[in-house]
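Please find below a short note on the model, set out as numbered points. Each point may be followed with the structure in view.

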There are 2 protein chains.
Amino acid sequence: MNETPRGQRLHLAIFGRRNAGKSSLINALTGQQVAIVADVPGTTTDPVAKAMELLPLGPVMLIDTAGLDDTGELGRLRVEKSLDVLQKADLVLLVVDPGQGFGACEQDVLAHVRARDLPVIAVINKADLYPEGAAGEWPELSSLPRIPVSARTGYGIDRLKRLIVGSAPRDWTLPTIAGDLLAPGDTVVLVVPIDKAAPKGRLILPQQQVIRDVLEHDAVAVVVKERELRYVLNRLGHPPKLVVTDASVYQRAVADTPPEVLLTSFSILFARYKGDLETLVAGAAAVGGLRPGDRILIAEACTHHPIADDIGRVKIPRWLRQAAGGELHFDVMSGGGPLPSNLGDYRLVVHCGACMLNRREMLSRIMQAQEAGVPIVNYGVLIAQVQGVLERALSPFPAVLERLGAAMQTFDDADVVPRRVPFGRGE
Amino acid sequence: MNETPRGQRLHLAIFGRRNAGKSSLINALTGQQVAIVADVPGTTTDPVAKAMELLPLGPVMLIDTAGLDDTGELGRLRVEKSLDVLQKADLVLLVVDPGQGFGACEQDVLAHVRARDLPVIAVINKADLYPEGAAGEWPELSSLPRIPVSARTGYGIDRLKRLIVGSAPRDWTLPTIAGDLLAPGDTVVLVVPIDKAAPKGRLILPQQQVIRDVLEHDAVAVVVKERELRYVLNRLGHPPKLVVTDASVYQRAVADTPPEVLLTSFSILFARYKGDLETLVAGAAAVGGLRPGDRILIAEACTHHPIADDIGRVKIPRWLRQAAGGELHFDVMSGGGPLPSNLGDYRLVVHCGACMLNRREMLSRIMQAQEAGVPIVNYGVLIAQVQGVLERALSPFPAVLERLGAAMQTFDDADVVPRRVPFGRGE
């Protein structure tokens with residue numbers, strides 16, 4: 001596995017015979033949400049790499065290849081060319097048509113893929129035509145993750161996306177934490193309280209990562225405590241493009257930042273970077289629909305940290321009980337791996353900030369909750385919601401705000417969640 | 001040992017009989033360099049704590065106590081009161097007068113000190129009167145670090161200071177990295193290049209530490225790459241108090257910073273924080289006196305890092321050969337512990353940035369070189385000197401500049417060190 005991510009854009013190479021359904025699989029994966037950003041130039045005989053936005057994964061590069069069963073001398077050359085793309089691939093999708101079966105050309109690709117130690121998923125297509133097609137009649141596939149789908153009907157596509165995320169490289173991330181919000185020369189003010197939760201003499205990793213990301217985008221990071229924020233904003237001589245605050249001082253940061261300046265928090269930025277902000281914000285909106293007796297799953301990625309513990313075990317349950325107007329049933333899970341299989345029993349999953357999970361792991365959990373039809377929110381988004389600052393903290397992400405405006409309104413109308421509950425550090 | 005340093009000011013408690021020479025020892029330790037910052041109020045019967053600057057250690061708190069052999073009911077109360085100061089002490093100096101010997105009152109103090117697991121040094125005073133006094137006639141002292149001194153003549157005082165440093169708590173530091181240069185509300189611009197030597201997605205620890213230190217002093221940290229420095233200085237609307245640059249972009253930082261703004265580097269700040277800037281700068285001045293055939297010791301605190309290696313093994317030897325105008329003999333040592341015992345054979349010690357050493361370890365080495373009469377410089381100070389920016393990089397430290405002006409002049413006159421040697425990251 002390559003240590004250096006290629007711009008953090010996941011490269012998916014798609015192999016299969018000429019009629020296995022590679023193109024329709026690409027359409028199914030991208031759905032109506034396709035955004036073709038760039039076509040890598042090539043002849044029709046060359047593999048075609050397309051930069052796409054594949055929700056909720058984010059930017060990916062889909063590399064479509066020639067049919068494995070392309071015949072003749074030219075066909076052989078095309079297949080050889082196709083195998084070259086393995087140098088760039090993070091993950092291989094091997095599309096199998098049950099009607100054509102699994103044969104020498106699939107075996108040949110698998111041998112090349114294994115020689116490079118690349119992860120591979122066998123996509124058994126046309127499940128609508130061959131409902132028994134993936135039942136395992138090809139022993140060569142038995143050692144691979146494999147999934148029946150129908151590119152035509154969309155069956156299995158969400159599960160396939162989750163398998164793709166689960167097979168992504170460990171260091172897979174989005175290309176940037178905040179850089180897409182910035183132009184060169186922009187100023188970003190970071191509000192960093194120095195309290196007992198801050199490690200002695202250092203900065204916590206999310207703060208370091210945002211500063212670094214700002215510098216990498218030729219912008220300027222101004223780091224202040226909350227007490228100096230107003231003074232600095234007055235003294236800067238120009239408005240910053242963005243203020244990023246620690247969640248523990250939301251109220252102060254919102255009060256001291258002019259409304260025309262974008263404002264968010266480290267935890268909101270990382271909810272996006274590590275997972276899928278839109279799904280998590282939709283989860284916050286679902287809090288308004290809680291009723292007494294509902295079951296809630298609190299999911300923490302690591303074993304108990306005294307402060308996280310306080311958030312997850314005391315404050316969040318209290319807020320949610322107030323929102324529901326009565327008693328709720330809470331289960332707590334700790335550690336990595338998938339969410340529990342009885343996920344469907346819950347009305348809401350509340351996840352920790354996932355500082356101990358990588359994007360692959362957190363996004364897998366989010367997609368698992370989506371598949372089960374259970375809303376999922378994380379501490380950072382929920383804290384912003386409880387503090388009444390979620391809309392302000394989403395100001396840099398108007399698309400998320402817009403799509404979720406209606407849902408948020410419902411929650412606002414309920415007006416049951418206290419706006420200024422004292423709380424500790426949320427991340 | 002207490003985890004939280006009390007303002008990083010080393011607390012030395014001094015015990016001994018009434019005529020053992022405690023007061024004259026304090027005078028000898030502080031010499032002409034005493035600066036009494038504050039007296040802790042107390043009656044004459046109470047121990048007296050004096051905040052002092054004890055060069056090259058920096059700020060310490062010396063706690064003088066009543067004579068251990070104070071007699072009568074009042075005397076007993078005074079001694080009990082004295083033992084209370086052990087709660088605040090980092091280190092105990094037990095002053096023994098060979099003429100009075102070692103007896104029950106010294107044993108009693110030792111028992112209390114050991115119960116608290118505090119480090120203790122037996123200071124056998126009056127070595128001028130009793131040259132045989134420390135020869136070990138008191139078996140109770142055999143397990144302790146002990147040193148003959150004469151508070152009256154100054155004999156052994158430098159060695160005692162080194163023993164004190166060696167017994168300091170591991171986390172002992174100066175109270176601040178740059179905060180003494182700042183007033184609340186001041187702006188500090190940090191120049192942080194993003195190159196291949198920078199860790200992916202993070203900031204290196206010295207950068208984090210300076211940002212944190214700036215925030216703790218109610219000041220504002222503006223973080224920029226070298227390319228944006230001039231733009232930021234123009235755009236700030238007010239001059240910063242201080243610019244701190246990475247040593248790899250000295251020339252750019254000096255060129256882009258107005259001369260009236262203080263400028264230094266992370267490595268110069270840490271030369272002071274980790275050791276003794278004045279001694280290291282004096283060591284840089286000594287480079288001008290090197291002659292062909294001289295022996296140089298390159299001291300690296302950790303085993304080879306490719307970049308440090310390049311600095312210590314290739315670039316620095318080349319610069320020094322050019323300065324000497326001929327071949328030099330280089331020895332390289334790696335790892336912790338004291339410098340080699342044949343230190344006197346060397347004309348110069350060149351030390352690494354000591355990122356893997358704590359202040360106690362680095363200062364011990366500097367004092368060892370001083371005792372041996374061998375100049376010592378570190379990579380950061382030497383790189384600034386070679387680049388011709390040392391004077392500029394010492395602008396925040398006029399006292400160091402002033403005292404060493406003459407020595408630096410000598411080196412400047414030699415004019416043998418190239419001013420713009422391309423080089424890598426110095427820390």
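1. By about how many helical turns are B:Phe270 and B:Tyr273 separated in helix α8 of chain B? This is a predicted model. Because B:Phe270 and B:Tyr273 are three residues apart in helix α8 (residues 266-274) of chain B, about one helical turn separates them. Both residues, B:Phe270 and B:Tyr273, are buried.

2. Over all chains, the structure contains two aromatic pairs. In one of them, the ring centres of A:Phe270 and A:Tyr273 are 5.7 Å apart and the planes meet at 85 degrees, so this pair is edge-to-face; planes over 60 degrees apart are counted in that class. An edge-to-face pair is also formed by B:Phe270 and B:Tyr273, with 5.7 Å from centre to centre and 85 degrees between the planes.

3. In chain A, helix α8 (residues 266-274) holds both A:Phe270 and A:Tyr273, which are three residues apart, or about one turn of the helix. A:Phe270 and A:Tyr273 are both buried.

4. A charge also sits over a ring in each chain. The charged end of A:Arg359 is placed over the ring of A:Trp172, 4.9 Å from the ring centre. In chain B, B:Arg359 lies over the face of B:Trp172, with 4.9 Å to the centre of the ring.

5. A turn of 180 degrees, with a shift of 0.0 Å along the axis, lays chain A on chain B with an RMSD of 0.0 Å. The two copies are therefore related as by a two-fold rotation axis. Within chain A, A:Val222 has the C-alpha nearest the axis, at 2.2 Å from it. Both copies use the same surface, since 100% of the contact residues of chain A recur in chain B.

Key
Residues numbered from 1 in each chain as written. Chains lettered and ligands numbered in written order. Predicted model: local features only at pLDDT ≥ 70, side-chain atom pairs only at ≥ 80, totals over all residues. Heavy atoms only, no water. Phe/Tyr/Trp six-rings, centres within 6.5 Å; stacked < 30°, edge-to-face > 60°. Helix = DSSP H or I, 4+ residues; strand = E, 2+ residues; numbered from the N terminus. Buried < 20%, exposed > 50% of the residue type's maximum accessible area, 1.4 Å probe, protein only. Lys NZ or Arg CZ within 6 Å of the ring centre and 35° of its normal. Least-squares fit on C-alpha atoms with pLDDT ≥ 70 in both. Contact = heavy atoms within 4.5 Å.
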